[in-house]
Amino acid sequence: MEFIGRKKELIRLEQYYSSEHIQTCAIYGRRRCGKTSLVQEFYKDKPHLSIDLQGTSAEGILRQIADSLAEFTGKPRDRFREEIRDFSDLIGFLKTLEPEKKLIVFLDELPDAVEKLDEVASLLKKYIDDRLKKQNVFLIVCGSSISGMLKEINGEDRPLFQRFPVQLRLRPLSYPESRLFHPEFDEADKIRAYSIASGIPQYHLLLKGPSLEDSIKENFMGDIAPLRLESDSFLAREFTSWTVHERVISAIANGANTLKVIAEKASMSKTNCSDILRRLELVDIVERRIPYGKSEKSTTFRIIDGFVSFQYEVINRNLSLAKSDNVDVAYDLMREDILSFYGHRFEDVCMQYLRDTRICSWTGNWEGRVPMQDIDGSVMKDESGHVMTEDVDIDLVAKVVDGEATRITAGECKFTRRRSGAGEYRELVRRASHAIKDSDNIRYIMFSRSGFTDELVEMAEDRPGLHLELVTLDDISAWAENKTRKPSQQPYKGA
């Protein structure tokens with residue numbers, strides 16, 4: 001199967017491999033994000049020794065080490081299974097290597113070996129310090145437990161501290177990369193698949209097929225649902241007390257977005273909740289956002305991992321239905337939650353488009369209370385004459401560098417069957433007028449799955465003073481396929 005994406009990472013690995021001064025590299029990232037596949041793609045035409053250290057027991061890991069050495073040397077497995085009794089035996093073998101052409105030694109899932117075998121980190125440190133520098137070897141270690149890898153290679157109290165100055169953190173693939181897994185889908189279904197799989201290659205592969213709806217039913221619903229428990233496995237691998245983290249995720253999935261409310265819904269103190277949120281941020285499950293123009297007191301939290309979000313906002317919310325034998329009826333009953341989920345996750349694709357087609361020094365959103373208006377646009381008041389207000393938001397806000405000036409772009413994202421029109425535009429303008437003080441400096445961008453009314457298209461074309469850009473799925477498709485910037489644009493380098 002064709003390897004998809006990771007061009008920058010492959011280039012970086014080639015640079016490290018070619019360097020005379022770099023001999024170690026650590027790669028880490030969340031489960032299923034393609035770390036092993038990346039390294040395999042990198043070393044496929046190079047001399048390599050690959051050892052999988054993943055396992056539930058010391059015996060199993062040692063057996064895998066022995067089998068890998070047997071395959072590498074071409075010698076009998078039984079011999080190595082007798083010789084490899086602990087991790088020091090692997091280190092002893094590595095010390096004997098004297099390759100003419102640089103050899104890649106790949107230790108996959110290092111945290112598992114550290115947990116199951118004795119003195120792994122200390123032995124590896126001694127090998128790096130005493131022998132590796134004299135060998136023509138490029139050592140790569142990898143791990144799916146982000147917290148475990150960071151503790152082992154960056155913890156000042158750990159033996160491997162400063163032994164891996166070169167590190168690559170693999171994050172989920174971007175939308176333009178992820179859509180390549182689904183050539184059979186139209187653009188709308190590519191976005192839907194990305195909303196769920198969230199740029200994780202293994203999940204995209206499982207959602208492949210003639211029908212996305214059928215793939216969802218097959219993988220998340222019924223008695224046998226290979227992806228329904230995947231988020232639990234991910235959390236359990238990352239956190240010892242994963243059920244506590246699950247309570248926080250569940251609270252956010254059910255509408256809590258501030259520390260105070262999340263802590264209340266999760267039935268824990270704000271201090272404990274804050275610690276858990278930081279750990280969830282570290283592994284890219286949750287992100288904190290300070291809305292445009294607000295202080296840290298207005299910090300909100302959202303689930304940034306689309307797969308985890310789908311599990312908690314759709315599947316767990318309808319768990320009895322998801323487990324039903326009649327998956328077709330159950331899916332229809334869950335459809336409203338699924339469509340709502342797609343609408344929210346569409347914003348992530350739109351944000352990527354915005355960042356890639358402009359030079360942005362800051363991107364985020366805005367939330368606040370604004371006066372309510374009636375159908376005629378008049379401010380509504382209650383019986384006492386007080387202005388009535390409502391909570392609203394702006395999906396996308398960006399500070400866009402335009403020459404020597406900085407413009408504020410406000411954006412709206414609609415993933416519905418109805419075309420967006422002048423009414424949606426006026427509502428965006430109304431909200432932006434409360435969020436952004438410098439009204440002359442505002443630019444507008446609207447994204448719509450179903451396109452725009454003729455009236456709004458004519459307004460955008462005939463009235464350049466509106467500073468309005470309309471983006472359709474065709475525009476998103478062209479951007480994703482070409483993935484090019486205007487010649488004048490350069491990556492933003494902020495202070």
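This report describes selected local features of a predicted model.

## Aromatic pairs and a cluster

Across the whole structure, a search returns 18 aromatic pairs. One of them joins Phe 220 and Phe 307, whose rings are tilted with respect to each other, with 5.9 Å from centre to centre and 40° between the planes. Because Phe 220 belongs to helix α12 (residues 212-220) and Phe 307 to helix α17 (residues 306-315), this pair ties together parts of the chain that are 87 residues apart in sequence.

Both Phe 220 and Phe 307 are buried. The two residues also belong to one aromatic cluster, which is formed by Tyr 203, Phe 220, Phe 307, Phe 310, Phe 341 and Tyr 342.

## Charges over rings

Aromatic rings also appear beneath charged side chains. The charged end of Lys 46 is placed over the ring of Tyr 17, at 5.6 Å from the ring centre, and the charged end of Arg 79 is placed over the ring of Phe 80, at 5.5 Å from the centre of that ring.

## Cysteines

The search of the whole structure finds zero disulfides. For Cys 350, the closest cysteine sulfur is that of Cys 413, and because the two sulfurs are 3.5 Å apart, they are too far from each other for a bond, the cut-off for a disulfide being 2.5 Å.

Cys 350 is counted as buried because its relative accessibility is 0%. Cys 273 likewise counts as buried, with a relative accessibility of 0%.

## Glu 412 in strand β10

Glu 412 lies in strand β10, which covers residues 405-414. Although its side chain is that of a glutamate, Glu 412 counts as buried, because its relative accessibility is 12% and the cut-off for buried is under 20%.

The side chain of Glu 412 makes a polar contact of 3.3 Å with the side chain of Lys 414. When neighbours within four places in sequence are set aside, Glu 412 is in contact with Asp 395, Leu 428, Ile 445, Met 446 and Phe 447.

## The buried face of helix α15

In helix α15 (residues 259-266), the buried residues are Ile 262, Ala 263 and Ala 266. Viewed down the axis of α15, these residues fall within an arc of 100°, and they therefore line one face of the helix. This arrangement can be read against the general geometry of such elements: an α-helix has 3.6 residues a turn, so residues three or four places apart point the same way.

The buried residues of α15 are covered by elements that include α14 (242-253), α16 (270-282) and β7 (300-303). Just after α15, Ser 267 adopts a positive phi of about 55°.

## Ala 480 in helix α22

Ala 480 is part of helix α22, which covers residues 473-482, and its relative accessibility of 6% is why Ala 480 counts as buried. Not counting residues up to four places away in sequence, Ala 480 touches Tyr 175, Pro 176 and Arg 179. Ala 480 and Asp 356 are 124 residues apart in sequence, while their C-alpha atoms are 9.9 Å apart in space.

## Positive phi in two loops

Most residues other than glycine have a negative phi. Glu 119, which is not a glycine, nevertheless has a positive phi of about 55°; it is located in the loop between α6 (110-116) and α7 (120-130). Glu 119 is exposed, with a relative accessible area of 57%.

His 467, also a residue other than glycine, has a positive phi near 55°, and its place is in the loop between α21 (454-462) and β12 (468-471). With a relative accessible area of 34%, His 467 is partly exposed.

Key. Residues numbered from 1 in each chain as written. Predicted model: local features only at pLDDT ≥ 70, side-chain atom pairs only at ≥ 80, totals over all residues. Heavy atoms only, no water. Helix = DSSP H or I, 4+ residues; strand = E, 2+ residues; numbered from the N terminus. Buried < 20%, exposed > 50% of the residue type's maximum accessible area, 1.4 Å probe, protein only. Polar contact = N/O pair within 3.5 Å; in protein donor to acceptor, adjacent residues only side chain to side chain. Contact = heavy atoms within 4.5 Å. Phe/Tyr/Trp six-rings, centres within 6.5 Å; stacked < 30°, edge-to-face > 60°. Lys NZ or Arg CZ within 6 Å of the ring centre and 35° of its normal. Arc of directions from axis to C-beta.
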